[in-house]
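Open the model in your viewer and keep the sequence panel visible. The stops below are given in the order in which to select them.

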There are 2 protein chains.
Amino acid sequence: MTLTTAEENYLKAIYHLSDGATKSVSTNDVAAEMKTKPASVSDMLRKLGDKEVIEYRKYYGVNITEEGKKRALQTIRKHRLWEVFLVDKLQFAWDEVHEVAEELEHIQSPLLIQRLDAYLNYPKFDPHGDPIPDEYGDVRARPRLALNEMDVDQSGQIVAVKDSSAAFLKYLDKVGAYIGARIKILDKVEFDGSMEILVDQKKTLFMSKDVAANILAIQS
Amino acid sequence: MTLTTAEENYLKAIYHLSDGATKSVSTNDVAAEMKTKPASVSDMLRKLGDKEVIEYRKYYGVNITEEGKKRALQTIRKHRLWEVFLVDKLQFAWDEVHEVAEELEHIQSPLLIQRLDAYLNYPKFDPHGDPIPDEYGDVRARPRLALNEMDVDQSGQIVAVKDSSAAFLKYLDKVGAYIGARIKILDKVEFDGSMEILVDQKKTLFMSKDVAANILAIQS
DNA sequence: TCTTATTTTTAGCCTTACCTAAAACCCTAA
DNA sequence: TTAGGGTTTTAGGTAAGGCTAAAAATAAGA
């Protein structure tokens, strides 16, 4: 059973919204994600249900099936491999690659993806730090480090905080850090463990060891 | 004015059939080339006429316009650059690349093509020996050499014969050479200028200097 | 020139993927 | 337990790109 480009895109959206195939997803949410109308989504959900990549009960939203999850992960794999190609080989900036990868991910050729993977040296993460599923759909999550565990000159991306109190999040917001921010360790002060951090390649931030220990990042 | 994937494919077919935008092309010929029905072609010709990439007079076939020629050459450029990528970088065989390139050529990103061109070191010919138009649509035809002018170990492709008498073409056919054949010069005999030539990577052919001088090839 | 054969176009219908408007359904609060 | 209100589906329509069957235009032969 092959999927059209539109079907692949819907399936990918449903996979993302369902938090890795765990939660069920509403028609409205899919419509928002796909920037389309709920009526169009209903149509498409019926089709995807017929193809058994989702379980669809009218009025009750959808759950992705095992087969659907596998298909979604294949598409995500292709997307992320192309992103690596664009950044590593064609010198694209990491924020320029998404739209092009969105087109490239629909090219149908298992051989192409196999060869591309080898050519890129079997990368495990894309330029945004997101993991690349293997050809069976297995994802190896990248280990998270607290910022104070990172070394000077290492780069990464903030993915979570340990203490998610409103106060701490407010502090983060004030200094211009946020979940998803790209960071680089510029300096670590031996004496008190405080750090100097470059955020989004433009803003420099000073933080105490305690603050740094509260912020989790993945390396890139 | 943007073209859909289908429109790009029709335009490319019309360009090829019109021998580089010189001859006019019939509905039936386009239908045969596109493996579709004449009725579908009529529809599409009206659309392409509206977009002014062809000149369409009902019942009298079409001529490609200057704008159409430019568009067709852009698509051909993208197709051939991707073919080079697949062969040079991803180790595809030269006869495995066409279908995948047929998909890749429709990716819309001028930056991608520009970067790909640079990455491949501005190739002038694709793996089949066909010239790659530059970004303005200019094509530099590859100089043709008679086989006896080629050196040992050089590879190429037969593109024409000087003497196109039936007798000579019949002889070529008998020995298994043909327009389009991939060849490699294995040996040249100093004494009489006769040559040993590998055809399509499998058949070895001996020919006199006179015969070799009658066959034109491009180098690859 | 007239008739026939061939080519091309039109007419009408299908599928995919979208849309709007209206109907149906689910849920909650009075 | 029923009336809204929000969500979701259905009904019907559009555009792209295909199809078949039939009509129309061109070309060719007597």
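Start with DNA strand C and select what surrounds it: 21 residues, the closest being A:Thr4, A:Ser40, B:Ser42, B:Tyr56 and B:Lys58. A residue is near a strand here if one of its heavy atoms lies within 4 Å of it. This is a predicted model, in which local features need pLDDT of at least 70 and side-chain atom pairs count only at pLDDT 80 or more, while totals for chains, interfaces and linings use all residues. Residues are numbered from 1 along each chain as its sequence is written, chains are lettered from A and ligands numbered from 1 in the order in which they are written, and side-chain values use heavy atoms, with hydrogens and water left out.

Color the strand by atom group. Sugar or phosphate supplies 75% of the strand C atoms within 4 Å of the protein, and bases supply the rest. By residue class, the surface near strand C holds 10 nonpolar, 7 polar and 4 charged residues. In this count, Ala, Val, Leu, Ile, Met, Phe, Trp, Tyr, Cys and Pro are nonpolar, Asp, Glu, Lys and Arg are charged, and the others, Gly among them, are polar.

Next, show the phosphate oxygens of strand C. A polar side-chain atom of A:Tyr10 lies 3.4 Å from one. For A:Lys37, a backbone N or O atom lies 3.2 Å from a phosphate oxygen. With A:Lys47, an N or O atom of the side chain is 3.5 Å from a phosphate oxygen. The elements that give two or more residues to this surface are α1 (5–17) and α3 (38–50) of chain A, together with α2 (27–33) and α3 (38–50) of chain B. Helices (H or I, at least four residues) and strands (E, at least two) are DSSP runs numbered from the N terminus. α3(A) gives the most, with 5 residues.

Stay in chain A and select A:Glu8, in helix α1. What is the nearest side chain of opposite charge to A:Glu8? It is A:Lys78, 4.6 Å away; A:Glu8 is buried yet has no salt bridge. Lys and Arg count as positive and Asp and Glu as negative, with His and the chain ends not counted. Buried means under 20% relative accessible area, exposed over 50%, and partly exposed in between (1.4 Å probe, protein chains only). A salt bridge is a side-chain nitrogen of Lys or Arg within 4 Å of a carboxyl oxygen of Asp or Glu.

Now select A:Glu7 and A:Lys51, which form a salt bridge with the closest N and O atoms 3.0 Å apart. A:Glu7 lies in helix α1 of chain A and A:Lys51 in the loop between α3 and β1 (54–56), so the pair ties together parts 44 residues apart in sequence. A:Glu7 is buried at 5% relative accessible area, whereas A:Lys51 is partly exposed at 22%. Also in chain A, select A:Lys12, A:Glu102 and A:Glu105, which are linked in a network of salt bridges.

Move to chain B and select B:Lys12, which is buried at 8% relative accessibility. B:Lys12 forms a salt bridge with B:Glu102, the closest N and O atoms being 2.7 Å apart. B:Lys12 also forms a salt bridge with B:Glu105, at 2.9 Å. B:Glu105 is buried, with a relative accessible area of 0%.

Finish at B:Ala213, in helix α8 (residues 209–213) of chain B. B:Ala213 and B:Ala146 are 67 residues apart in sequence and 5.1 Å apart in space, C-alpha to C-alpha.

Note on methods: Polar contact = N/O pair within 3.5 Å; in protein donor to acceptor, adjacent residues only side chain to side chain.
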